[in-house]
Amino acid sequence: MLEVQGLTKYYGLKRAIYDISFEIGSGQIAGFLGLNGAGKTTVLKILSGFLLPTSGTVKIDGTDLVSSPDALRACIGFLPEEPPLYPEMTVRGFLRYLAQLRGVATRDLKRQVERVTESTGLTEVIDQSIGSLSLGYRRRVGIAQSIIHDPALVLLDEPISGLDPIQIVEMRSLIRDLAGDHTILISSHILTEVEETCDTLLVLKEGELVARGSEADLRERFAAALSVRVAIQGAAEEVRSLVGGLDVVASIESLRHNDKECVLDLTLQRDEPEALASAVVGGGFGLRRLEPSHNELEGIFLAATTPRTPTAEQSEGEQT
């Protein structure tokens, strides 16, 4: 359905994104993950037709967005991070106005407005002014305007930003309900949002796509990047020397210590925390705690996007 090849964008001499390629099938929900400034919003603006790429192609059902922008804009719905709403208008009036702008036939206006208000849970507030609504309802209005013309592709930029926990759960349910009728691409830096909602993950780092696939695919790819937190009783330098020299330890992400213990966040080469525990106890240190330091998706994200602090053994190898 959506095919992106070699997408690159420069602002003057500054590179925003580089050589991004991926595909999303019809009816799927895909999620862009990345730190702030990774290039997620730039990609969405290009896919929506608001920006032209410096190079690369975007095709929707085989039609190129750059060569046929007007034809494809009718197939795209876009919810920016700050929805363009008119607070003085009612929900009904605003959606009717947007439907007319997007070419919905006059005879279909009433039906389309009723359809999208029902699917987005806005029926009970349809005649209220947008400015009087809660943030959660305003987000729903934003999604409703993005699908009022029944687009094949819906782009949502940070759709749960600022919502409370109950509103987040409701928004996830709404997005999942929209899938099937629409292909959806979500941009977010909130891991749980993507984990709970998306079929496919696209991980951006500094404008480049560094990983893609289902959560299971990425878990397999980054299986070696098992993150654990360990608290060890002993002097900091001695603890680091022991742990850094173990072949099961890929890297030491951080080290904190006080008078009672050293706390280290580690990445293991393989799923053998028992080897770490055995070495610590065998070395005469007290093992106070050993536990996962991230949930699975968090570990995958960090493995894909975060540079590692080398172990002592790796640092010595680089110096020789």
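These questions and answers go through the sheet and the helices of a predicted model.

Me: What makes β6 and β10 the edge strands of the open sheet?
Reply: The sheet has 6 strands in the order β6-β7-β8-β3-β9-β10, with mixed pairing, and β6 (76–79) and β10 (208–213) each pair on one side only. From one strand to the next, the twist averages 15°.

Me: How do you know that β7 and β8 count as paired?
Reply: Two strands pair if there are at least two bridges between them, and 5 bridges join β7 (residues 153–157) to β8 (residues 183–188), so the pair meets that condition. The two strands run parallel, and Leu 153 stands opposite Thr 183 in β8.

Me: Why are α3 and α4 called oblique to each other?
Reply: Helix α3 (residues 91–101) and helix α4 (residues 109–119) pack at an angle of about 120°, with their axes 10 Å apart. Roughly perpendicular covers 65 to 115 degrees and roughly antiparallel begins over 145, and because about 120° belongs to neither range, the two helices are oblique. The crossing of α3 past α4 is right-handed.

Me: Which residues of α3 and α4 meet, and what classes does the contact hold?
Reply: Among those that meet are Val 91, Leu 95 and Ala 99 in α3, and Leu 109, Val 113 and Val 116 in α4. By class, the contact has 6 nonpolar, 2 polar and 3 charged residues.

Me: Which strands does helix α5 lie across, and how does the helix run relative to β6?
Reply: Helix α5 (residues 135–147) lies across β6 and β7, and runs at about 160° to β6; an angle over 145 counts as roughly antiparallel, so α5 is roughly antiparallel to β6.

Notes:
Residues numbered from 1 in each chain as written. Predicted model: local features only at pLDDT ≥ 70, side-chain atom pairs only at ≥ 80, totals over all residues. Heavy atoms only, no water. Helix = DSSP H or I, 4+ residues; strand = E, 2+ residues; numbered from the N terminus. Axes fitted to C-alpha atoms, helices over the stretch in contact; angles between N-to-C directions. Contact = heavy atoms within 4.5 Å. Left-handed = near helix turned anticlockwise from the far one by under 90°. Nonpolar A, V, L, I, M, F, W, Y, C, P; charged D, E, K, R; others polar.
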